[in-house]
Amino acid sequence: LCLGVGAALAWGLHDFCVRGVSQSSGVFASILTVFASGIVILIGVAVLFGDPKLMSAQCYQLSIASGLSFAVGGVALYIAFTIGPVRLVAPIIGAYPILLVGWTAASGAPVSVIQWIAILTILIGVGGVAALSDDSTQSPHHRKAIIWALTAAVGFAATFGFGQAAVAVGDEALSMLITRTVAFGTVLTVAIIGHQQIKPAKAQVPILLGMGGLDTLAMGCVSLAGLWPHSEYAAVTSSVFGIVTIILAWAFLNEPMTRAHWGFVSLTFLGILGLGLLG
């Protein structure tokens, strides 16, 4: 739980910065700089604390899968926050625990009544935020933002699942380094093929480096939780990062929030917490 809360605070601040830097430097330039700074940090951690002897073939495979998922989730998140309001995007991305429960149900494991109630609560909350955020002038952008936010949720659900499984059968630092390196390589390849800007604005570099540190810290917290029982609690509690992002956007970006918005947002994240902690 503590690791999850730490990750939520770090990701909340990271995502608050996404809109500004991605609009100035572009999505791919921003995320590549963030990933690269994280790789530098993890290289240092791996050199000091990593043990290659603990790495197994399964760990390598899971780490690579986590990296590919992280690339998809990261790009989708940046695009979603760039084109959509935070109050709409953050709850949808944070609702990824629903996918974990869905996987559990598909595998034949029983899903409790409390979990179904929590899922319904999340759907009502997200649906309410989406309805309140819709208007005649911005709805096309909102629809695109919803699609990208859903893609990010799928990507992060897979990232956390593969990542926690990897650290459970291998070295934590090396596993996270492989994951981030694969994600960086995947995004760079897509950017080059798509002729996207990959060099960030100089003024944004310090912020992007700080964001890389926050993102690495958060991902490390969630992945390290795989060493303890009920590691899913960290993934669930970290998903309330959206509350931090929404509050910061309301306070500093002047994004309008009515009482109804606050009500549906609160309902969404109460459902998320209930899904993981009470189900």
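**Exercise 1. The second largest pocket**

Task: In this predicted model, determine which helices each supply at least two residues of the lining of the second largest pocket, and state the volume of that pocket.

Solution.
Step 1. The helices that each supply at least two lining residues are helix 5 (97-106), helix 6 (113-133) and helix 7.
Step 2. The lining is made up of Ile-92, Ala-95, Tyr-96, Ile-98, Leu-99, Ile-122, Leu-123, Val-126, Leu-150, Ala-153 and Val-154.
Step 3. Residues may now be assigned to helices by their numbers. Ile-98 and Leu-99 lie within the range of helix 5 (97-106). Ile-122, Leu-123 and Val-126 lie within the range of helix 6 (113-133).
Step 4. The volume of this pocket is about 160 Å³.

**Exercise 2. The largest cavity**

Task: State how many cavities of 30 Å³ or more the structure holds, and describe the lining of the largest cavity.

Solution.
Step 1. The count is three cavities of 30 Å³ or more.
Step 2. The largest cavity contains about 160 Å³ of space.
Step 3. Its lining consists of 17 residues, of which Trp-11, Asp-15, Leu-77, Phe-156 and Asp-215 are the closest to the centre.
Step 4. Two or more lining residues come from each of helix 1 (2-25), helix 2, helix 3 (57-83) and helix 7 (139-168).
Step 5. Helix 3 gives the most, with four residues.

**Exercise 3. Cysteines and disulfides**

Task: Establish how many disulfides the structure contains, and explain why Cys-59 and Cys-221 form none.

Solution.
Step 1. A disulfide is a covalent bond between the sulfur atoms of two cysteines.
Step 2. The cut-off required here is 2.5 Å between the two sulfur atoms.
Step 3. For Cys-59, the closest cysteine sulfur belongs to Cys-221 and is 18 Å away, which is too far for a bond.
Step 4. For Cys-221, the closest cysteine sulfur is that of Cys-2, at 10 Å, and this is also too far for a bond.
Step 5. A search of the whole structure accordingly finds zero disulfides.
Step 6. As regards their surroundings, Cys-59 is buried, with a relative accessible area of 0%, and Cys-221 is buried, with a value of 12%.

**Exercise 4. A nonpolar surface patch**

Task: Identify the residues that make the nonpolar surface patch, and decide whether Ile-41 is buried, partly exposed or exposed.

Solution.
Step 1. The patch is made by Ile-41, Val-45, Leu-48 and Phe-49, and its area is about 410 Å².
Step 2. Ile-41 is located in helix 2 (residues 27-49).
Step 3. The relative accessible area of Ile-41 is 39%. Buried means under 20% and exposed means over 50%, so Ile-41 is classed as partly exposed.

Conventions. Residues are numbered from 1 along each chain as its sequence is written. This is a predicted model: local features need pLDDT of at least 70, side-chain atom pairs count only at pLDDT 80 or more; totals for chains, interfaces and linings use all residues. Side-chain values use heavy atoms; hydrogens and water are left out. Patches are made of residues with over 30% relative accessible area and no salt bridge: like charges are joined within 9 Å, nonpolar side chains (Val, Leu, Ile, Met, Phe, Trp, Tyr) within 5 Å. Accessible areas come from the Shrake-Rupley method with a 1.4 Å probe; for residues, only the protein chains shown count as cover. A salt bridge is a side-chain nitrogen of Lys or Arg within 4 Å of a carboxyl oxygen of Asp or Glu. Buried means under 20% relative accessible area, exposed over 50%, partly exposed in between (1.4 Å probe, protein chains only). On a 1 Å grid over the protein atoms alone, a cavity is a set of points where a 1.4 Å probe fits but cannot get out, and a pocket is an open set with protein on both sides within 12 Å along at least five of seven lines; lining residues have an atom within 4 Å of a point. Grid points are joined across faces, edges and corners, and a volume is the space filled by probe spheres set on the points.
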